[in-house]
Amino acid sequence: MNDSQSTGFQAGQAKGQAQEKASQMMDKAGNAAQSAKESCQEAGQQVQAKAQGAADAVKDTVGMNK
């Protein structure tokens, strides 16, 4: 392999490594986004359950839950 071929080979290797690193970073970002989405959904469900509990307590207090 001459110097020109060696340089081209090394450039190709560097490009491949950079693409793999970018792919891994995108996977991590996607996983983080999915985790955040799930956390938000869970928090929303907890808020909804608490609000329903509060509404039921008010209905019980004023006698509307018969």
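Colleague: Which residues form a nonpolar patch on the surface of this predicted model, and how is a patch defined?

Modeller: Patches are built from residues with over 30% relative accessible area and no salt bridge (a side-chain nitrogen of Lys or Arg within 4 Å of a carboxyl oxygen of Asp or Glu), joining like charges within 9 Å and nonpolar side chains (Val, Leu, Ile, Met, Phe, Trp, Tyr) within 5 Å. Here Val58, Val62 and Met64 make up the patch, with about 320 Å² of accessible area together, where areas follow the Shrake-Rupley method with a 1.4 Å probe and, for residues, only the protein chains shown count as cover. This is a predicted model in which local features need pLDDT of at least 70 and side-chain atom pairs pLDDT 80 or more, whereas totals for chains, interfaces and linings use all residues. Residues are numbered from 1 along each chain as its sequence is written, and side-chain values use heavy atoms, without hydrogens and water.

Colleague: Is Val58 buried or exposed, and where is Val58 found?

Modeller: Buried means under 20% relative accessible area, exposed over 50%, and partly exposed in between (1.4 Å probe, protein chains only); Val58, at 52%, is exposed. Val58 is found in helix α1, residues 3-62, a helix being a DSSP run of H or I with at least four residues, a strand one of E with at least two, numbered from the N terminus. Thr61 is also found in helix α1, and Thr61 is exposed at 69%.

Colleague: What are the spans of the C-alpha trace along its principal axes?

Modeller: The trace spans about 90 × 10 × 5 Å, in a protein with one helix and zero strands.
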